[in-house]
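Hi everyone, thanks for coming. Today I'd like to walk you through a structure that may be new to you, so please have a look at it with me.

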Amino acid sequence: MSLKNQVAFITGAAHGQGRATAIALAKEGIHIAAFDVAKPLAYPGYKLGSTDDLVSLKAEVEKLGVNILTFQGDVRTDADVKKAVSETIAQFKRIDILFNNAGICAYGLAHELTEDAWDSMIDINLKGAWLTARHIIPHMIAQKSGNIINNSSIAGLRGMNRLSHYAASKWGLTGLTKSWAIELAPHNIRVNSIHPTGVNTPMNDGLAALEGKTTEEIAVASAGNLLPVPWIESEDVAHAVLYLVSDKARFVTGSQFVIDAGLLTR
Ligand SMILES: NC(=O)c1ccc[n+]([C@@H]2O[C@H](COP(=O)([O-])OP(=O)(O)OC[C@H]3O[C@@H](n4cnc5c(N)ncnc54)[C@H](O)[C@@H]3O)[C@@H](O)[C@H]2O)c1
């Protein structure tokens with residue numbers, strides 16, 4: 001099945017990995033529905049995407065000759081997600097790809113986390129993915145095809161210091177991926193998770209600012225890449241998504257695709 005004229009719904013699309021993936025998919029002729037909270041949130045407290053980012057993404061994608069819809073909404077708010085999905089279906093008639101990418105990160109020892117920090121982390125990173133998928137899966141079942149990619153992390157396959165709530169949310173995505181792959185395989189819908197090491201995005205700049213460190217220090221502290229790079233780029237993630245949604249990966253489902261510069265090897 002050609003990627004041209006497929007439709008991708010991408011959460012957290014305003015900047016970082018979501019934006020890079022929207023552009024990479026648009027270059028293949030895929031129409032884009034870009035969903036983002038596009039405003040600051042008290043937690044995690046660093047700079048998230050903005051409405052300006054969504055406007056510039058729209059212009060960039062349209063230049064590539066495909067259509068794009070942008071939505072400002074929170075993945076935790078069912079009504080926001082429901083409205084965006086129904087407007088996407090009204091406009092494009094189908095959704096072939098869901099990239100559950102919206103997410104936050106923040107440090108804190110488990111016994112020092114507030115309940116609000118715990119709830120925000122789990123609700124955005126994990127519940128948001130489910131809320132989004134549950135509105136899109138029925139359309140994919142009706143189409144008898146689809147691809148869902150959940151953006152987990154290396155933290156979805158290992159433990160991480162001062163990131164237990166983040167790791168819990170990302171291991172949760174691994175569990176959703178495997179379970180949805182079982183539920184949806186009979187409908188010809190593939191479900192995979194990706195597990196990047198540190199990525200050079202505004203998230204790491206934001207974490208560095210919160211921690212009073214440089215982005216390089218944040219990368220070194222959390223990483224341990226085998227290959228001699230402090231981090232990977234958003235485009236590396238976009239290329240992995242592109243492979244997974246393509247027919248080249250037609251029998252890949254339920255997998256945990258690592259893009260980790262070798263980090264998880266030891
Ligand atoms: N940056 C890394 O080192 C890294 C590594 C592995 C996995 N990840 C994961 O990749 C995904 C993308 O991260 P990124 O590095 O591009 O981060 P980022 O902060 O640069 O971008 C995240 C985007 O998600 C949006 N977003 C945040 N909360 C939202 C909400 N409640 N509803 C809708 N949109 C929301 C933000 O506005 C932003 O545009 C996240 O799930 C993250 O956990 C990041």
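Let's begin with the overall picture: what is the radius of gyration of the chain, and why does that value agree with a compact globule? Keep in mind that this is a predicted model. The chain has a radius of gyration of 17 Å, and this agrees with a compact globule because one of 266 residues would come out near 18 Å. Along the principal axes, the C-alpha atoms fill a box of roughly 45 × 35 × 35 Å. Of the 266 residues, 49% are buried.

What is the chain built from? You can count eight helices and seven strands. Sequence distance is worth a word too. Take the contacts between residues at least 6 apart in sequence: 73% of these join residues at least 24 apart.

Now let's zoom in on strand 4, which covers residues 97-100. In general, side chains in a regular strand alternate between the two faces of the sheet. Here, Ile97 and Phe99 point one way, while Leu98 and Asn100 point the other way. Are these four buried or exposed? All of them are buried.

Which strands pair with strand 4? One is strand 1, residues 7-11, which runs parallel to strand 4 and is joined to it by three bridges. In that pairing, phenylalanine 9 sits opposite leucine 98. Another is strand 5, residues 146-151, again in the parallel sense, with four bridges. There, asparagine 147 of strand 5 is the bridge partner of isoleucine 97. Add helix 4, and you get a right-handed β-α-β unit made of strand 4, helix 4 and strand 5.

Helix 4 also takes us to the ligand. Helix 4 (115-143) supplies at least two residues of the shell around the ligand, and so do helix 1 (16-27) and helix 6 (202-211). How many residues surround the ligand? There are 32, and the closest are Gly12, Gly16, Leu48, Gly49 and Gly103. By character, the shell divides into 13 nonpolar residues, 16 polar and three charged.

One last stop is glycine 175, in helix 5, which spans residues 164-184. Glycine 175 counts as partly exposed because it has 14 C-beta neighbours inside 10 Å, where a buried residue would need 20 or more. Its C-alpha atom is separated by 13 Å from that of asparagine 125, and the two residues are 50 apart along the chain.

That's my tour; thanks for listening!

Notes. Residues are numbered from 1 along each chain as its sequence is written. This is a predicted model: local features need pLDDT of at least 70, side-chain atom pairs count only at pLDDT 80 or more; totals for chains, interfaces and linings use all residues. A residue is near a molecule or strand if its C-beta atom, placed from the backbone, lies within 6 Å of it. Ala, Val, Leu, Ile, Met, Phe, Trp, Tyr, Cys and Pro count as nonpolar, Asp, Glu, Lys and Arg as charged, and the others, Gly among them, as polar. The radius of gyration is taken over C-alpha atoms; the globule rule is 2.2 Å times the number of residues to the power 0.38. A residue is buried if 20 or more other C-beta atoms lie within 10 Å of its own, exposed if 12 or fewer, and partly exposed in between; C-beta atoms are placed from the backbone. Two residues are in contact if their C-beta atoms, placed from the backbone, lie within 7 Å. Two strands pair if DSSP finds at least two bridges between them. A crossover is right-handed if, with the strands pointing away from the viewer, the path from the first strand over the helix to the second runs clockwise.
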